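This report looks at how side chains and secondary-structure elements are placed with respect to one another in a single chain. It begins with the sheet and then turns to individual side-chain pairs.

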Amino acid sequence: MHELGVLAKAVQTVDRIAQENKIKKIKHMTLEVGEESSFVPMFFTKLFPVAIEPYPRLQGAELKIETVPGDGLSIKEIGY
C-alpha cells in the first residue's frame, strides 16, 4: 500500500505551502488521481486522518478526490 507514503508527501507539501503563505487553517485539499494509475482512491480517503495527524493546520480538513484520465497524481486545490 504505497498510498500512505504518497499521501504523506502531499500533506507535507500542502502544509509547507500554507506555512509559506501564512495560512493558519486548511479546510480541504483536492487530489487528482489518474484512472490508469495504480492508486486506490478509497485508501487515500481512509488514510487521510493518519496522514494529517502531525499537521495542526490540517486538523479537521477534508480530502476531496477527483478521478481524471491518465496515470498521474497531483494536488489540484488547497482550500482555506
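Two strands are taken to pair if DSSP finds at least two bridges between them. The model under discussion is a predicted one, and every value below is computed from its atoms.

**Sheet and helices**

The strands form an open sheet of 3 members in the order β2-β1-β3, and the pairing within this sheet is mixed. Because β2 and β3 stand at the edges and each has a single partner strand, one side of each is left without a neighbour in the sheet. From one strand to the next, the twist averages 20 degrees. Strands of a sheet pair through backbone hydrogen bonds, in either a parallel or an antiparallel manner. Here β1 and β3 run antiparallel and are joined by 6 bridges. For M29, the bridge partner in β3 is I78.

Two helices lie across this sheet. Helix α1 lies across β1, β2 and β3, and its direction makes an angle of about 40 degrees with β3. Helix α2 likewise lies across β1, β2 and β3, running at about 170 degrees to β2.

**Salt bridges**

How many salt bridges does a search of the whole structure find? The search finds 3 salt bridges, which are set out below with the separation of the N and O atoms.

| Pair | N to O distance |
|---|---|
| R57 and D15 | 3.4 Å |
| E20 and R16 | 3.2 Å |
| E66 and K76 | 2.8 Å |

The pair of R57 and D15, whose side chains meet in a salt bridge, links distant parts of the chain, since R57 sits in the loop between α2 (41-52) and β2 (62-68) while D15 belongs to helix α1 (residues 3-20), 42 residues apart. Both R57 and D15 are buried.

The salt bridge between E20 and R16 is placed within one element, as both residues lie in helix α1, 4 residues apart, or about one turn of the helix. Why is E20 called exposed, whereas R16 is called partly exposed? Exposed requires over 50% relative accessible area, and E20 has 52%, so E20 is exposed. R16, with a relative accessible area of 40%, is therefore partly exposed.

In the salt bridge of E66 with K76 the closest N and O atoms are 2.8 Å apart. E66 lies in strand β2 and K76 in strand β3 (residues 73-79), so this pair ties together parts that are 10 residues apart in sequence. E66 is partly exposed at 31% relative accessible area, and K76 also counts as partly exposed, at 47% relative accessibility.

**Surroundings of R57**

The loop residue R57 deserves a further look. Leaving aside neighbours within four places in sequence, R57 is in contact with D15, A18, Q19, I23, K24, K25 and I26. Besides the polar contact between the side chains of R57 and D15 at 3.4 Å, a polar atom of the R57 side chain lies 3.2 Å from the backbone oxygen of I23. R57 and A8, by comparison, are 49 residues apart in sequence and 14 Å apart in space, taken from C-alpha to C-alpha.

**The loop at S37 and the aromatic pair**

S37 is found in the loop between β1 (28-34) and α2. Is S37 buried or exposed? With a relative accessibility of 14%, S37 counts as buried, because the limit for that class is under 20%. The side chain of S37 reaches two backbone atoms, namely the oxygen of G34 at 2.7 Å and the nitrogen of F39 at 3.3 Å. When residues up to four places away in sequence are not counted, S37 touches G70, D71 and G72.

F39, whose backbone nitrogen is reached by S37, also takes part in an aromatic pair, of which the structure holds 1. The ring centres of F39 and F44 are 5.5 Å apart and the ring planes stand at 45 degrees, so the pair is tilted. Both rings belong to buried residues: F39 has a relative accessible area of 17%, and F44 has one of 0%.

How values were computed. Residues are numbered from 1 along each chain as its sequence is written. This is a predicted model: local features need pLDDT of at least 70, side-chain atom pairs count only at pLDDT 80 or more; totals for chains, interfaces and linings use all residues. Side-chain values use heavy atoms; hydrogens and water are left out. A salt bridge is a side-chain nitrogen of Lys or Arg within 4 Å of a carboxyl oxygen of Asp or Glu. Buried means under 20% relative accessible area, exposed over 50%, partly exposed in between (1.4 Å probe, protein chains only). Rings of Phe, Tyr and Trp (its six-membered ring) pair if their centres lie within 6.5 Å; planes under 30 degrees apart count as stacked, over 60 as edge-to-face and the rest as tilted. A polar contact is a pair of N or O atoms within 3.5 Å; within protein, one must be able to donate a hydrogen and the other to accept it, and residues adjacent in sequence count only if both atoms are side-chain atoms. Contact means heavy atoms within 4.5 Å. Axes are lines fitted to C-alpha atoms, for helices over the stretch in contact, and angles run from 0 to 180 degrees between N-to-C directions.
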